[in-house]
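Q: Please take a close look at one part of this structure: the metal site. What holds it together, and what surrounds it?

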Amino acid sequence: MDEPRTRQTKDGITLHEPADFAGMLKAGRVAAEILDQVGGLVAPGVTTEVLDDFIRAEIERRAVVSATIGYRGYQHASCISVNHVVCHGIPGPKVLKDGDILNIDVTVIVDGWYGDTSRMYVAGDLPRKAERLIQVTHDALFKGIEAVRPGKTFGDIGHAIQSYVEANRMSVVRDFCGHGLGRVFHAPPNVLHYGRPGTGPRLEEGMFFTIEPMVNLGRPETKVLADDWTAVTRDKSLSAQFEHSVGVTADGCELFTLSPAGKFHPTW
Ligand code: MF3
Ligand code: CO
Ligand code: CO
């Protein structure tokens, strides 16, 4: 039998077929449903490994596959990034306390398609400064999403995010970016959350990628801890992140990872 032919741009970005959108939507929905469910467990006194155990059990119950367990030696079904952790926080015995904010990031593989999404949660009461950070980060993601349609460029997406964040006197993390995905976890292009209008590859129908801005209350610099995964803000300022997986359509984009319960944001 012939291999399925996949079209690619000169930048190595895969152009998926219309039928592929259904596979991505199924995978994205599973990841989003699991994020909806785990929200019920987030509270002061709970450890991040309890949250990860729940996610792992939900992945097993649904007979789908975790994309992160075994990925470059990573051992967990989620990344859980608390307060000044920017991304790739490793679930463990850390106990959440009142006012902690956390990002939970889940990627699943369903029928070979990858669904990758993350959002913010709060343990107990949301402090005012954290609330502002979370709102700006959420809205920055949607500024980026609004820039997704054929003919725009990846620089337009980055610029939309960066200009919004900086107008709110917060900073965009440069050290991590979004990525193409589909039948693979991380593919071209790097989706930068900063940039100049009109630069970078041009968007075309059938491109699938994530947008996942990380925003800091303080400076943008990060460092990775000795565990080789946990990325933190160098100045210890609070950091937030939201992530959707999207596909470029003829006139805009489709969000594959919308929350079925409408709970994408911690105050919804
Ligand atoms: N889900 C993350 C992303 O948005 C990647 C996590 S890789 C892991 O790309 F190994 F840290 F889990
Ligand atoms: Co991602
Ligand atoms: Co992710």
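A: **The metal site**

In this predicted model, the cobalt ion (ligand 2) is coordinated by Asp 116 (OD), His 179 (NE2), Glu 212 (OE) and Glu 243 (OE). These donors sit at 2.0 to 2.2 Å. Along the chain they follow the spacing D-x62-H-x32-E-x30-E. The arrangement is irregular, because the 6 donor atoms subtend angles of 51 to 160 degrees around the cobalt ion (ligand 2). Six donors count as octahedral only if opposite donors are over 155 degrees apart and all others between 65 and 115.

Sequence distance comes next. Asp 116 lies in strand β7. Glu 212 lies in the loop between β11 (208-211) and β12 (214-216). The two are 96 residues apart in sequence, so the pair ties together separate parts of the chain.

Now the second metal. Asp 116 bridges the cobalt ion (ligand 2) and the cobalt ion (ligand 3). The two ions lie 3.3 Å apart. For the cobalt ion (ligand 3), the protein donors are Asp 105 (OD), listed twice, Asp 116 (OD) and Glu 243 (OE). They lie 2.1 to 2.3 Å from the ion. This site is irregular too, with angles of 59 to 169 degrees among its 6 donor atoms. The spacing here is D-x10-D-x126-E. Asp 116, in strand β7 (residues 113-122), and Glu 243 form a pair that links distant parts of the chain. Glu 243 sits in the loop between β15 (239-241) and β16 (244-248), 127 residues from Asp 116.

How covered are these acidic side chains? Buried means under 20% relative accessible area. Asp 116 has 3%, so it is buried. Glu 243 is buried, at 0%. Glu 212 is buried as well, at 7%.

Ligand 1 shares these surroundings. It is surrounded by 14 residues, and the closest are Asp 105, His 179, His 186, Glu 212 and Glu 243. Among them, His 179 and Glu 212 also coordinate the cobalt ion (ligand 2). A polar side-chain atom of His 179 lies 3.0 Å from an oxygen atom of ligand 1. A side-chain N or O atom of Glu 212 is 2.8 Å from an oxygen atom of ligand 1. Thr 107 adds a contact: an N or O atom in its side chain is 3.2 Å from a nitrogen atom of ligand 1. Taken alone, ligand 1 exposes 340 Å², and the protein buries 97% of that.

Conventions:
Residues are numbered from 1 along each chain as its sequence is written. Chains are lettered from A and ligands numbered from 1 in the order in which they are written. This is a predicted model: local features need pLDDT of at least 70, side-chain atom pairs count only at pLDDT 80 or more; totals for chains, interfaces and linings use all residues. Side-chain values use heavy atoms; hydrogens and water are left out. Donors are N, O and S atoms within 2.8 Å of the metal (3.2 Å for Na, K and Ca); water is not among the atoms, so sites may look incomplete. Four donors count as tetrahedral if all angles lie between 85 and 135 degrees; four count as square planar and six as octahedral if opposite donors are over 155 degrees apart and all others between 65 and 115; anything else is irregular. Helices (H or I, at least four residues) and strands (E, at least two) are DSSP runs, numbered from the N terminus. Buried means under 20% relative accessible area, exposed over 50%, partly exposed in between (1.4 Å probe, protein chains only). A residue is near a molecule or strand if one of its heavy atoms lies within 4 Å of it. A polar contact is a pair of N or O atoms within 3.5 Å; within protein, one must be able to donate a hydrogen and the other to accept it, and residues adjacent in sequence count only if both atoms are side-chain atoms. Accessible areas come from the Shrake-Rupley method with a 1.4 Å probe; for residues, only the protein chains shown count as cover.
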